[in-house]
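Here are a few notes to read alongside the model. Please have the structure open while you go through the points.

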Amino acid sequence: MSAAVPPAAEGASGLPGGLSPQEADALVALAERAARAAGELVRAGRAEHGAVTATKSSRTDVVTAMDTAAEQLIRDLLRAERPQDAVLGEEGGTTGGTSGLTWVLDPIDGTVNYVYGIPAYAVSVAVVAGEPAPPHWQPVAGCVHNPETGETWTAVRGAGARLDGEPVVAAAGPPLAEALVGTGFGYTAQRRQEQAGVVAHLLPRVRDVRRIGSAALDLCAVASGRLDAFYERGLNPWDAAAGWLVAAEAGVALVGLDGAGASQEMLVAAAPRLAEELAAELFRAGALPPV
Ligand code: IPD
């Protein structure tokens, strides 16, 4: 999964790889332009081309012609403007680069919602320094765009998160017993069975549980106070990259279980105290069965 990119040291700006704040601003502007262009394509093309054309890890893990077309559109835009950067996309895999930056893309996060016409899907575009996967990646800039509502979250490392241009600051968060908790499920039956056991443990201990169907939007929802917390086991880098930066820049804590950092294995996102409480409860529930 990792592209061969050198590790990025932090420069005086606090940005990795000696990037200036102006360069980071240009990167987020490009991420937003790419996400909006892809969003327009997928929204307009849903009626004609929004049907399932292929499956991936299981028969429920679907791809439409628009996933492929939207990823190609973003890749073409990035190749024209940033040919030196690597790209990691959900549908097209990795294309190498020389700059130490990797664009991490999900052309439609929430493809099942997209197929069913549920307006909770997003285009997620982020650029990360160093390894293009947690826990060692350093997201620099990102955009999560919901083509149906037009809502657009952006974030730049060290410079905060925004929703439609307005700063987003995460709330303090309630205790776990009063928390509205979002989660998501993997695509294999075995993983889902394990995840169902964890949800069954959690449900009587929280206000309620939501499964919205787009991890990118879930992370932005925590940043914007629409969910108190979110957790998921087994997210791919493209599901998480841009939403991760939006949440972190809004002041949301991103952690793993049992003192570990957030990773592909387990990501818990919430205000710091709630994140700790939720991580402890998930650990008790066996959310990370021994491998
Ligand atoms: C999925 C969504 C979903 C999450 C899955 C992801 P996709 O992404 O983010 O909410 O639970 O783990 O794979 O397949 O729609 O791009």
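**Notes on the predicted model**

1. Let's start with one pair: Glu232 stands opposite Leu267 in strand E15. Four bridges join strand E13 (residues 229–232) to E15 (residues 267–270), and these strands run antiparallel. Here strands (E, at least two residues) and helices (H or I, at least four) are DSSP runs numbered from the N terminus, and two strands pair if DSSP finds at least two bridges between them.

2. A word on the ground rules: this is a predicted model, in which local features need pLDDT of at least 70 and side-chain atom pairs count only at pLDDT 80 or more, while totals for chains, interfaces and linings use all residues. Residues are numbered from 1 along each chain as its sequence is written, and side-chain values use heavy atoms, with hydrogens and water left out.

3. The mean pLDDT (the predictor's confidence in each residue, from 0 to 100) of the chain is 93, and 95% of its residues reach 70 or more. Please treat residues 1–5 separately: there the pLDDT is below 50, and beyond near neighbours in sequence this stretch has 19 contacts in the model. Contact means heavy atoms within 4.5 Å.

4. E13 and E15 belong to an open sheet of five strands with mixed pairing, in the order E12-E11-E13-E15-E14. Strands E12 (208–210) and E14 (253–255) are at the edges with a single partner strand each, so one side of each is left without a neighbour in the sheet. From one strand to the next, the twist averages 20°. Helix H5 (residues 215–223) packs on this sheet, touching E11 (180–183), E13, E14 and E15, and its direction makes about 150° with that of E13. Axes are lines fitted to C-alpha atoms (for helices, over the stretch in contact), and angles run from 0 to 180 degrees between N-to-C directions.

5. Do look at the other open sheet, where eight strands follow the order E4-E3-E5-E6-E7-E8-E9-E10 with mixed pairing. Its edge strands, E4 (93–95) and E10 (166–168), each pair on one side only. E5 and E6 (residues 122–129) pair in the antiparallel sense over seven bridges, with Trp103 opposite Val127 in E6. Helix H1 (residues 21–49) lies across E5, E6, E7 (138–145) and E8 (152–156), at about 30° to E7.

6. Which residues are closest to the centre of the largest pocket? They are Asp61, Phe185, Gly186, Tyr187 and Asp239, out of 37 that line the pocket. About 660 Å³ of space lies in it, and H4 gives the largest share of the lining, four residues. On a 1 Å grid over the protein atoms alone, a pocket is an open set of points with protein on both sides within 12 Å along at least five of seven lines; a cavity is a set where a 1.4 Å probe fits but cannot get out, and lining residues have an atom within 4 Å of a point. Grid points are joined across faces, edges and corners, and a volume is the space filled by probe spheres set on the points.

7. Finally, there are two cavities of 30 Å³ or more. The largest cavity holds about 50 Å³ of space and is lined by Glu194, Gln195, Val198, Tyr231, Arg233, Met266 and Ala287. The second largest holds about 30 Å³; among its lining residues are Trp244 and Leu267, the latter being the residue opposite Glu232.
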